[in-house]
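Visitor: I have a structure to look at and some questions about its strands and rings. Can you take me through them?

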Amino acid sequence: MKITQLLTEETIILNLDATSKQQVLEELTGQLEQAGKLVDRQAFLKDILTRENQSTTGIGEGIAIPHAKSVAVDAPAIAFGRSEHGLDYESLDGQPAHLFFMIAASEGAN
């Protein structure tokens with residue numbers, strides 16, 4: 001599968017409204033739902049938060065990669081969001097995150 005099949009115009013937000021980690025996760029999950037990639041938005045958000053509670057996906061250098069495998073995913077996808085001002089994402093380097101790549105994988109995906 002090519003990244004162009006996973007990351008499409010419908011799953012991109014160039015100017016996020018979010019000002020917190022929770023809000024960015026909700027906003028990107030909503031974008032995936034609008035793009036028809038999820039069968040259950042709340043269930044996917046719960047799976048993302050469960051993964052995030054294990055350890056932050058804020059890898060540093062202004063980048064976060066929240067991800068989850070979930071039965072709530074209808075079609076594998078990547079949502080991208082950009083925050084011009086950045087926000088506290090509890091990143092490993094303690095710096096604000098600006099670029100967010102949310103990976104939605106089907107529970108049965110390899």
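Guide: What follows is a short round of questions on strand pairing and ring contacts in this predicted model.

Visitor: In which sense do β5 and β6 pair?

Guide: Strand β5 spans residues 77–87. Seven bridges join β5 to β6. The sense of that pairing is antiparallel.

Visitor: Which residue of β6 stands opposite H67?

Guide: Strand β4 covers residues 67–70 and pairs with β6 in the parallel sense, over four bridges. H67 has its partner in β6. That partner is I103.

Visitor: And which residue stands opposite I63 in β6?

Guide: Strand β3 is residues 63–64, and β6 is residues 97–106. The two pair in the parallel sense over two bridges. Opposite I63 stands L99.

Visitor: How many residues apart in sequence are the parts that the F80 and F101 pair ties together?

Guide: The structure holds two aromatic pairs. One of them, F80 with F101, is tilted, at 5.0 Å centre to centre and 50° between the planes. F80 lies in strand β5 and F101 in strand β6, so the pair ties together parts separated in sequence by 21 residues.

Visitor: Is F80 buried or exposed?

Guide: The cut-off for buried is under 20% relative accessible area. F80 has 13% relative accessibility, so F80 counts as buried.

Visitor: What is the relative accessible area of F101?

Guide: F101 stands opposite F80. F101 is partly exposed, and its relative accessible area is 29%.

Visitor: Over which ring does the charged end of K21 sit?

Guide: The charged end of K21 is 4.7 Å from the ring centre. The ring belongs to Y89.

Terms used: Residues numbered from 1 in each chain as written. Predicted model: local features only at pLDDT ≥ 70, side-chain atom pairs only at ≥ 80, totals over all residues. Heavy atoms only, no water. Pairing = 2+ DSSP bridges. Phe/Tyr/Trp six-rings, centres within 6.5 Å; stacked < 30°, edge-to-face > 60°. Buried < 20%, exposed > 50% of the residue type's maximum accessible area, 1.4 Å probe, protein only. Lys NZ or Arg CZ within 6 Å of the ring centre and 35° of its normal.
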